[in-house]
Structures are given as structure tokens and as C-alpha cells.
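Q: Got a minute to go through the side-chain contacts in this one with me?
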Amino acid sequence: MADTRTARGRLDTPRELRRPLVKRPALRADAFGSFAEAFARYMGTARFIAWMTIIVLIWVAWNILAPSEWRFDTFPFIFLTLALSLQASYAAPLILLAQNRQEDRDRAINEQDRRIATQSKADMEFLARETASLRMALGEVATRDYLRSELRLLLEELEERDRLRDDQAPE
């Protein structure tokens, strides 16, 4: 029995796994965050404002125009105020969560853009150095126009020699 107690307390021996009686539901780690983003995205649309306006107008019209025994929220519309307050109290944290997730994404995108810009700058500086070295190397290389002018001069010299030789040759 002393062996089992010491074995349990030791860190170099693995513990036995116990299977739970009821399995916990498995959710994605960011399931609630993506729900919050979808909710915030929907609340920022004209469709949401239109539906909200229609619901409030129907609520108010029903509680004013319906027979008194069918009314469930009379004039100060306390229940409507409570429902709108409840909706706003849930909407605000969900919108904040969605904004925080968007800020995290923006931060990651900005960091990636910074890395890409740094790499692009390094590439451009390398290409500028290579272009400068090519220009310097080309400055030492004979161009086509230079070669043509040199060949013309040589041709003129040869023609001049031929003329001189023809002039000196006995007839």
C-alpha cells in the first residue's frame, strides 16, 4: 500500500486516466467569438434596424389598439423597455468581443504587412545595388556604337593604306 501512495505522488509515473460518466460537449475554442462577430455584424445592418422598428411598432400598436383584455403591456410600456434594455445589455458585450477579435486580426495583419514591407525594402535595396554594379560593369564594356566607330576608323586607315600603296606602286 505504501508503494501505491508513493507512486501516485511521483511525477515520473503517469496517472491512470478515468473516463467521465457524462461526456462534456465539445465546442470550438472560438465558437462564441465567431457567434459574437456574426451577431455584431447583423446588428450593424439596416435589416436589423428595420426589423427592430417593425417589432416595436407592432408592440406599441397592439398594446394601444387591441381590446383591453388582449393587451399585455399598457401605456408606459414597461415590458417593452425591459426587453429593449435586456437586448442592449447582451448586445454591448457581444459587440465589444467582436471588436476585440477584429483588433487582434488587424494587429496580426499589420504585423504581417510590416514583415512583408521590410522584406520588400531589403529586396529593393539589393536590386538597387545590383543595378548600380551592373551599370558600373557596363561602363567598362565597349558598346555597339563605340565598336562601330572604331571599325570605321580602322576601315578608313586600311583604305588610306590601300590608296597609298596604289599611289606608290609602279605603273
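A: Sure, terms first: buried means under 20% relative accessible area, exposed over 50%, and partly exposed in between (1.4 Å probe, protein chains only). This is a predicted model, where local features need pLDDT of at least 70, side-chain atom pairs count only at pLDDT 80 or more, and totals for chains, interfaces and linings use all residues. Residues are numbered from 1 along each chain as its sequence is written, and side-chain values use heavy atoms, with hydrogens and water left out.

Q: Is Phe75 buried or exposed?
A: Phe75 counts as exposed, at 66% relative accessibility, whereas Phe77 is buried at 11%.

Q: How many aromatic pairs are there?
A: There are 7, counting Phe, Tyr and Trp rings (six-membered ring for Trp) with centres within 6.5 Å; planes under 30 degrees apart are stacked, over 60 edge-to-face, the rest tilted. Trp62 and Trp70 are stacked, 6.1 Å centre to centre with 5° between the planes. Phe75 and Phe77 are edge-to-face, because their planes sit at 65°, with centres 6.0 Å apart.

Q: Switching topic, how many salt bridges?
A: The count is 8, each a side-chain nitrogen of Lys or Arg within 4 Å of a carboxyl oxygen of Asp or Glu. One of them joins Glu160 and Arg163 at 2.9 Å, N to O.

Q: Where do Glu160 and Arg163 lie?
A: Both are in helix α5 (residues 144–168; helices are DSSP runs of H or I, at least four residues, numbered from the N terminus), 3 residues apart, about one turn.

Q: Which residues do shared partners join into one network?
A: Arg28, Asp30, Glu37, Arg101 and Arg105.

Notes. Helix = DSSP H or I, 4+ residues; strand = E, 2+ residues; numbered from the N terminus.
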